[in-house]
Amino acid sequence: MPEVTASEAKQIIEGGAQVIDVRTDVEHDAGHIPGSRHVPLSDVQQESAGLDREQPVVLYCRAGNRSGPAADAFAASGWDAHSIEGGLIAWAEAGYDLEPDGGTVAENPNMPPR
């Protein structure tokens, strides 16, 4: 799996990578990486046509379990694709910004609370 740490992801993003949030609408609305594009996991394949194949792609979800397989699929197709190890939880724990102001990492309704 092409995983990167939150710190590495931040550097890749600052270098011009496309950032894709594969979580649900509710999770995205609670808080997300500034400048990220919201594409629910079920829509990633069809929405990939709108991405620039020449630029790296950083995908993320809450903890990495959804974005990891998506990044694997992109990488297997020749993309420079990465998943954030630990997902948005790791991003927020590293102290990096979330949008909107006061944004949070939503609990995943399909998993026990942290």
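This report walks through a predicted model, from its sheet to its cavity and a few single residues.

## The sheet

Five strands make up an open sheet. Their order is 1-5-4-2-3, and the pairing is parallel. Two strands sit at the edges: strand 1, residues 3–4, and strand 3, residues 37–38. Each of these pairs on one side only.

Follow the sheet across, starting at strand 1. Strand 1 and strand 5 are joined by two bridges, in the parallel sense. Here V4 has I84 of strand 5 as its bridge partner. Next come strand 5, residues 81–84, and strand 4, residues 57–60, which pair over three bridges. Their pairing is parallel too. Two facing positions help to place them. V57 stands opposite A81 of strand 5, and L59 stands opposite S83 of strand 5.

Strand 4 also pairs with strand 2, residues 18–21. That parallel pairing runs over four bridges. V19 is found opposite V58 of strand 4. Strand 2 then pairs with strand 3 in the parallel sense, over two bridges. In that pairing, I20 has R37 of strand 3 as its bridge partner.

## Two ways to point

Side by side, three strands can be read residue by residue. In strand 2, Q18 and I20 point one way, while V19 and D21 point the other way. All four of these strand 2 residues are buried.

In strand 4, V57 and L59 point one way. V58 and Y60 point the other way from strand 4. All of them are buried. Strand 5 splits in the following manner: A81 and S83 point one way, H82 and I84 the other. These strand 5 residues are all buried as well.

## A helix on the sheet

Which strands does helix 4 touch? Helix 4, residues 67–76, packs on the sheet and touches strand 4 and strand 5. The direction of helix 4 makes about 170° with that of strand 5.

The loop between helix 4 and strand 5 holds G78. Is G78 buried or exposed? G78 has a relative accessible area of 57%, so it counts as exposed. G78 can also be placed against P40. The two are 38 residues apart in sequence, and their C-alpha atoms are 21 Å apart in space.

## The cavity

How many cavities of 30 Å³ or more does the structure hold? A search of the whole structure finds one. The largest cavity has a volume of about 40 Å³.

Eight names make up its lining: I20, R37, V39, V44, E47, S48, L51 and F74. By type, the lining residues of the largest cavity divide into five nonpolar, one polar and two charged. Some of these names have come up already. I20 and R37, both in the lining, are the bridge partners that link strand 2 with strand 3. F74 is also in the lining, and helix 4 spans residues 67–76.

## A buried histidine

H28 belongs to helix 2, residues 25–30. Why does H28 count as buried? The relative accessibility of H28 is 12%, and the cut-off for buried is under 20%, so H28 counts as buried.

Which residues does H28 touch, leaving out those up to four places away in sequence? They are D21, R23, S36 and H38. Two of these names lie in strands described above. D21 is one of the buried residues of strand 2, and strand 3 covers residues 37–38, the place of H38.

## After helix 5

Helix 5 covers residues 87–93, and A94 lies in the segment after it. A94 has a relative accessibility of 42%. It counts as partly exposed, because that value falls between the 20% limit for buried and the 50% limit for exposed. A94 and T5 are 89 residues apart along the chain. Their C-alpha atoms are separated by 9.8 Å.

P100 also lies in the segment after helix 5. Most peptide bonds are trans. The peptide bond from E99 to P100 is cis, and its omega is near -10°.

Note on methods
Residues are numbered from 1 along each chain as its sequence is written. This is a predicted model: local features need pLDDT of at least 70, side-chain atom pairs count only at pLDDT 80 or more; totals for chains, interfaces and linings use all residues. Side-chain values use heavy atoms; hydrogens and water are left out. On a 1 Å grid over the protein atoms alone, a cavity is a set of points where a 1.4 Å probe fits but cannot get out, and a pocket is an open set with protein on both sides within 12 Å along at least five of seven lines; lining residues have an atom within 4 Å of a point. Grid points are joined across faces, edges and corners, and a volume is the space filled by probe spheres set on the points. Ala, Val, Leu, Ile, Met, Phe, Trp, Tyr, Cys and Pro count as nonpolar, Asp, Glu, Lys and Arg as charged, and the others, Gly among them, as polar. Two strands pair if DSSP finds at least two bridges between them. Contact means heavy atoms within 4.5 Å. Axes are lines fitted to C-alpha atoms, for helices over the stretch in contact, and angles run from 0 to 180 degrees between N-to-C directions. Buried means under 20% relative accessible area, exposed over 50%, partly exposed in between (1.4 Å probe, protein chains only).
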